[in-house]
Amino acid sequence: MQKTPTIKHSLMFALVLGLGLSSSAFAASKTATCQVDDGGSTIFKGKCIFTPQGNGSFYLSGKNLEATLGIEGLMVEVEQTNVATVQATLLRGGASTWGQAIRSKNQKACWVGQDFKVCAW
């Protein structure tokens with residue numbers, strides 16, 4: 001007779017799977033040099049934490065970014081080849097969408113929006 005998984009077993013599996021996914025994402029994080037431009041001027045250039053999110057997307061965070069820009073982090077979410085949406089994670093919670101960005105042809109580490117640029121090396 002085959003046992004039917006209980007809610008307890010399902011919750012345990014979800015917990016183990018979640019811990020495995022979060023630890024693998026954490027392991028992939030690394031220190032990078034980041035640059036954020038607004039209106040053609042550099043408003044941040046310094047060390048940050050670069051965390052890959054899959055499919056070319058990434059999240060930038062860290063104390064330097066937080067202290068200088070007053071945000072928790074920046075998400076560059078690739079929607080299709082060379083096209084992404086950039087959002088700031090706000091310190092008070094929620095997010096602020098900066099807009100669509102195109103990957104720079106000259107600086108492959110940079111994503112350029114209408115009035116902003118986000119780079120990570």
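This report walks through the strands, the core and a few side-chain pairs of a predicted model.

A word on ground rules. Local features in this predicted model need pLDDT of at least 70 and side-chain atom pairs count only at pLDDT 80 or more, while totals for chains, interfaces and linings use all residues. Residues are numbered from 1 along each chain as its sequence is written, and side-chain values use heavy atoms, with hydrogens and water left out.

**The barrel**

Let's start with the overall fold. Eight strands, in the order E1-E2-E3-E4-E5-E6-E7-E8, make a closed barrel with antiparallel pairing. From one strand to the next, the twist averages 30 degrees. (That angle is taken between axes, which are lines fitted to C-alpha atoms, and angles run from 0 to 180 degrees between N-to-C directions.) Strands here are DSSP runs of at least two residues, numbered from the N terminus, and two of them pair if DSSP finds at least two bridges between them.

Here are some of the antiparallel pairings:

| Strands | Bridges | One pair of opposite residues |
|---|---|---|
| E1 and E2 | nine | Thr 31 and Ile 49 |
| E1 and E8 | five | Cys 34 and Ala 120 |
| E6 and E7 | three | Ile 102 and Val 112 |
| E7 and E8 | three | Val 112 and Lys 117 |

Two of these pairings are hairpins: E6 and E7 have six residues between them, and E7 and E8 have two.

**Strand E8**

Is E8 mostly covered or mostly open? Mostly covered: five of its five residues are buried. Buried means under 20% relative accessible area, exposed means over 50%, and partly exposed is in between (with a 1.4 Å probe, protein chains only). In a regular strand, side chains alternate between the two faces of the sheet. In E8, both faces are covered, with Phe 116, Val 118 and Ala 120 on one side and Lys 117 and Cys 119 on the other.

**A salt bridge**

Which residues meet in a salt bridge? They are Asp 37 and Lys 117, at 3.8 Å, N to O. The pair links distant parts of the chain, since Asp 37 sits in strand E1 (residues 30-38) and Lys 117 in strand E8 (residues 116-120), 80 residues apart. Both Asp 37 and Lys 117 are buried. A search of the whole structure finds one salt bridge, this term meaning a side-chain nitrogen of Lys or Arg within 4 Å of a carboxyl oxygen of Asp or Glu.

**Aromatic rings**

The whole structure holds two aromatic pairs. Rings of Phe, Tyr and Trp (its six-membered ring) pair if their centres lie within 6.5 Å; planes under 30 degrees apart count as stacked, over 60 as edge-to-face and the rest as tilted. Trp 98 and Phe 116 have ring centres 5.6 Å apart and planes at 70 degrees, so this pair is edge-to-face. Because Trp 98 lies in strand E6 (residues 95-103) and Phe 116 in E8, the pair ties together parts that are 18 residues apart in sequence. Trp 98 counts as partly exposed because its relative accessibility is 28%, while Phe 116, at 6%, counts as buried.

**The nonpolar core**

A nonpolar core is a set of buried Ala, Val, Leu, Ile, Met, Phe, Trp, Tyr and Cys residues joined through side-chain atoms within 4.5 Å. The largest one has 22 residues, of which Leu 60 and Leu 74 touch the most other members. E1, E2, E3, E4, E5 and E8 each supply at least two residues of this core. Leaving aside neighbours within four places in sequence, Leu 74 is in contact (heavy atoms within 4.5 Å) with residues including Val 36, Leu 60, Trp 98 and Val 118.

Technical notes: Helix = DSSP H or I, 4+ residues; strand = E, 2+ residues; numbered from the N terminus.
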